Amino acid sequence: MTTHVQRLAEFAVRCRDQGVPERVRADVAGRVTDVLGNCLAAHADPDGDAAPAVLRAVRRWGGTGEATAVGSGDRLPAPSAALVNGTLAHALDYDDTHLPSVLHPSAPVVPAALAAAEATGADGAALVAAVAAGIEVCNRLGMASYLPEARNSLFFERGQHATSICGTLGAAVAAGLLFGLAEDGIAHATGVAASMGAGLLEANRTGGTIKRAHCGWAAHCGVSAAVLALEGVTGPPTVLEGRFGFFGAWLDGRYDESAMLFALGRRWELLRTVYKPYPTNHFTHPGIDCALALRADGLRPAEVDEVEEVELGVAAPVLRTIAEPREEKVRPRTPYHAKFSGPYTVAAALLGGGGLGLAADDFAALTPDRLALAARVRCVADERASEIFPRAFAAVLRVRLRGGALLEHRVDSSRGGPERPLTREELAVKFRANAGRALPADQVEALLAAARELPVSPSPAALLRLTVARPR
């Protein structure tokens, strides 16, 4: 009987050997572009201590240079380059999201594939097929963990980071394809990776920088698993469905087999992965949308001083992430911690931001005016938002002024979400703003053009070289 991991391996090899649809190829080029922009913006983040620490660590480890670290240009062993780039990709919490699994597939898979492509001399077409397969496997594993009766991922219910856990397997699939593994090799690489994936979400609640490295570690483990399989290490054939396998260990054996395997290769979950317009935890986005809408309707920063109370209504499952514990959320310890705060992000949006509404620069430092306003924000469960979650992220914001006026705005799908996807032009605005934090304008445009041409590129290595700022 064909096991689950063998089915996924068959699909992945078909992607490499038979190609993927044109729409999928174009979509992958956009994913890579977004990841590179996020990585470059992370280099300029004054609060970004995790990524520099990871880079220093891999420099200590040394090894043969096979792949490029985005931005710095360091030549590193492929697993180390994947670790650095995956950390950068997730560092600002600006990376894309798949719904309803609520995971961020590109941040672990794209860095793993870029490192493997450089190490093997693969061309752009091979890289695109590998990324497509890796993200699809990652998303399908996330879909398998979604429980309709709970309206949430079982990973999240248990405090586990689905991105770093499922992302490790997706990264192994992508890297394995680029290292030339056949179906049995891809299955073994996935089986090996299943013993490596991990990630806890407590940092979302009370701080710490380790979550920034989750996607880097997933990418690192994915490349490592592919190389181990290439050299002969094997994984169990029932690594996913077995009694002590992936779903048994992580989810007590509760998973949706159909969501993982149905129409694999015909219905692409990759295409349902949405881009973020704001560099914050995705659960905060509908509240930001509401705040920006009130500003657009006439609320001005000067009037914010007259705010008596703000009520943010969101889906009940997200309160644990963006509202609890309250003392940590109304007064976050760091700018990064603030990205996971409903009160602080609403305050930031009410007081105004840049870019697409709030840009990476808006979280360079905590500000007294935002902290003061955040203390007046109360987060509650909203029935309508809870019913919609996690098919989309919804919220309602009510602002009461001291004079008695009540302002209210509701969104049923956050900007960038399934009902309101970002346009090609908006994605270009995001990329230019992010990459422009680290590169001169002419180099930003050259990188954007090269990324869009990735499916026909003879060498992804040339793309990585463009991420290193030329001497002025």
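**Buried residues, strand pairing and salt bridges**

Phe246 has a relative accessible area of 3% and is therefore buried. This holds for a predicted model, and the description that follows concerns that model. Phe246 belongs to helix H12, which covers residues 246–251. Beyond its neighbours within four places in sequence, Phe246 is in contact with Leu141, Phe155, Ile165, Cys166, Leu169, Ala194, Val239, Leu240 and Leu251. For one of these residues, Ala194, the separation is 52 residues in sequence, while the C-alpha atoms of Phe246 and Ala194 lie 6.5 Å apart in space.

Phe246 leads to the annotation of the chain. In UniProt, an unreviewed entry assigns the feature "domain: MmgE/PrpD N-terminal" to residues 6–253. Over residues 6–253, helix accounts for 65% of the chain and strand for 4%. The C-alpha atoms at the two ends of this range are 19 Å apart.

A charged residue can also be followed into the interior. Glu118 is placed in helix H5, residues 106–120. With a relative accessible area of 14%, Glu118 falls under the 20% limit and so counts as buried. Its side chain makes a polar contact of 2.9 Å with the side chain of Arg75. When neighbours within four places in sequence are set aside, the residues in contact with Glu118 are Glu66, Ala67, Thr68, Arg75, Ala461 and Leu464.

The next element is strand E7, which spans residues 307–314. Strand E7 is mostly covered, with six of its eight residues buried. It pairs with two strands in opposite senses: with strand E9 (residues 395–401) the pairing is antiparallel and comprises seven bridges, whereas with strand E8 (residues 377–381) the strands run parallel and are joined by five bridges. Individual partners give the register. Val307 has Leu401 in E9 as its bridge partner, and Val310 has Val377 in E8. Salt bridges also link Glu309, Glu311, Arg378, Arg398 and Glu408 in a network.

How many salt bridges does a search of the whole structure find? The search finds 29, and three individual pairs illustrate their settings. In the pair formed by Glu136 and Arg140, the closest N and O atoms are 3.0 Å apart. Both residues lie in helix H6 (residues 124–144), and their spacing of four residues corresponds to about one turn of the helix. Glu136 and Arg140 are both buried.

A second pair consists of Arg320 and Glu157, whose side chains meet in a salt bridge with an N to O distance of 3.1 Å. This pair links distant parts of the chain, since Arg320 lies in helix H16 (residues 319–322) and Glu157 in helix H7 (residues 154–157), 163 residues apart. Arg320 has a relative accessibility of 31% and therefore counts as partly exposed. Glu157 likewise counts as partly exposed, because its relative accessibility is 36%.

The third pair joins Asp362 to Arg370, with the closest N and O atoms 3.9 Å apart. Are these two residues buried or exposed? Asp362 counts as buried because its relative accessibility is 16%, and Arg370 counts as buried because its relative accessibility is 8%.

Conventions: Residues are numbered from 1 along each chain as its sequence is written. This is a predicted model: local features need pLDDT of at least 70, side-chain atom pairs count only at pLDDT 80 or more; totals for chains, interfaces and linings use all residues. Side-chain values use heavy atoms; hydrogens and water are left out. UniProt positions are given in the numbering used here, feature names are shortened, and annotations may be inferred rather than shown by experiment. A salt bridge is a side-chain nitrogen of Lys or Arg within 4 Å of a carboxyl oxygen of Asp or Glu. Buried means under 20% relative accessible area, exposed over 50%, partly exposed in between (1.4 Å probe, protein chains only). Contact means heavy atoms within 4.5 Å. Two strands pair if DSSP finds at least two bridges between them. A polar contact is a pair of N or O atoms within 3.5 Å; within protein, one must be able to donate a hydrogen and the other to accept it, and residues adjacent in sequence count only if both atoms are side-chain atoms.
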